[in-house]
Amino acid sequence: MLDDTLRDAGEEVWLRVEQPIVGIHGSPLAECLGLLAAERRVCLERLVDDLIKQLILVHIVQMERTKEVVREADLVLADASNGFDMAEGLNIFRPDRHFMEAYGDFAQERGISSVLEGLARPWEDEQERWGFLARFAKTEWLGYEPSRAMQSLQKIIGTRPYFILTCNIDGRFARAGLDEKQALETEGTIQELSCSAGCSEERIDAEPVFAGMAKAGGMKVPEELLSTCKRCGAPLVPALDERRVLHPDLAFKERTARFSELLREAKGKNVLVL
Ligand SMILES: [Zn+2]
């Protein structure tokens, strides 16, 4: 019964939601799921956990079926937020099975209850902070395998021009083979590091740093693996900034310019927004 309802409601719901879910609460989709949860007499969050993957995949499958819409698109814009990560099995808000498998030691020994908390916590010990960052980088970025949702997106894009707008920081679009220059990461990315003192706007490739840390393993990164800025000696930090839009650095400005250029080129043409 519920599956039928979702199947019937799926397309309408997603067409009404103008962008993928930013957090579960307060979105039109949450309202709709709230109704279904009440009908089923279960907790909304439980229902979301069970179904969110399916719902997003339903949406993407439907897009695939809408062949002519896809075929006629001259430009594909992918607007991907936490909902896309959830479709791939990564829920940064909850201590689900994936979280316990990958971060269980941090949960048990440091009381961390979600990926988001581990990333945002004001860690007192820098080596521990990097321990969590390295675990995140290893699990969600370096060890990432493209899911069915990502493969569907790549299939829809095909050989067309595309651009990705995302608040996800896990670098998965580039990891899956899409061009990182065609992505605007509105909250930054784990793929690069920058100087904590801000002595320049240069970003540094984070892969060798995190690969070394991942190899060392454990919850605490050995001190000698912490990197410093070659210019000023200040510690390097991941190029993350949840308000990157308000503090654009050079790379962000370049991507914004690229996005504007694509939109200009697409004027009067068909733009498919996913
Ligand atoms: Zn510096």
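Helices (H or I, at least four residues) and strands (E, at least two) are DSSP runs, numbered from the N terminus. This is a predicted model, in which local features need pLDDT of at least 70, side-chain atom pairs count only at pLDDT 80 or more, and totals for chains, interfaces and linings use all residues. Residues are numbered from 1 along each chain as its sequence is written.

**View A. Helix H6 and its kink at Tyr103.** Take a look at helix H6 (residues 97-110), which kinks by about 90 degrees, centred on Tyr103; the bend at a residue is the angle between axes fitted to the seven residues ending there and the seven starting there. Tyr103 is also buried, as are Phe99 and Phe106 of H6 (buried: 20 or more other C-beta atoms within 10 Å of the residue's own; exposed: 12 or fewer; partly exposed: in between; C-beta atoms are placed from the backbone). Helix H7 (115-120) and H8 are among the elements covering the buried residues of H6. Just after H6 comes Gly111, with a positive phi near 70 degrees.

**View B. The largest nonpolar core, with 45 residues.** A nonpolar core is a set of buried Ala, Val, Leu, Ile, Met, Phe, Trp, Tyr and Cys residues joined through C-beta atoms within 7 Å. Val76, Ala78, Ala134, Ala137, Leu153 and Ile164 have the most contacts inside this core. Helix H8 (residues 126-142) gives the most to it, with 7 residues. Beyond its neighbours within four places in sequence, Leu153 touches Ala78 and Leu274, where contact puts C-beta atoms, placed from the backbone, within 7 Å.

**View C. Helix H11 and its buried face.** Here Val209, Phe210 and Met213 are the residues to find, each of them buried in H11. Seen down the helix axis, the buried residues of H11 fall within an arc of 90 degrees, so they line one face of the helix; the arc is that of the directions from the helix axis to the C-beta atoms. Pro208 and Lys215, on the other side of H11, are exposed. The cover over the buried residues of H11 includes H8 and strand E4 (188-195). Gly217 follows H11, and its phi is positive, near 70 degrees.

**View D. Lys220 in the loop between H11 and E6.** Moving along the chain, we meet Lys220 between helix H11 (207-216) and strand E6 (236-240). Lys220 counts as partly exposed because it has 16 C-beta neighbours inside 10 Å. Setting aside neighbours within four places in sequence, Lys220 is in contact with Gln127, Glu128 and Gly131. The C-alpha atoms of Lys220 and Ala134 are 9.3 Å apart, with these positions 86 residues apart along the chain.

Key. Contact = placed C-beta atoms within 7 Å.
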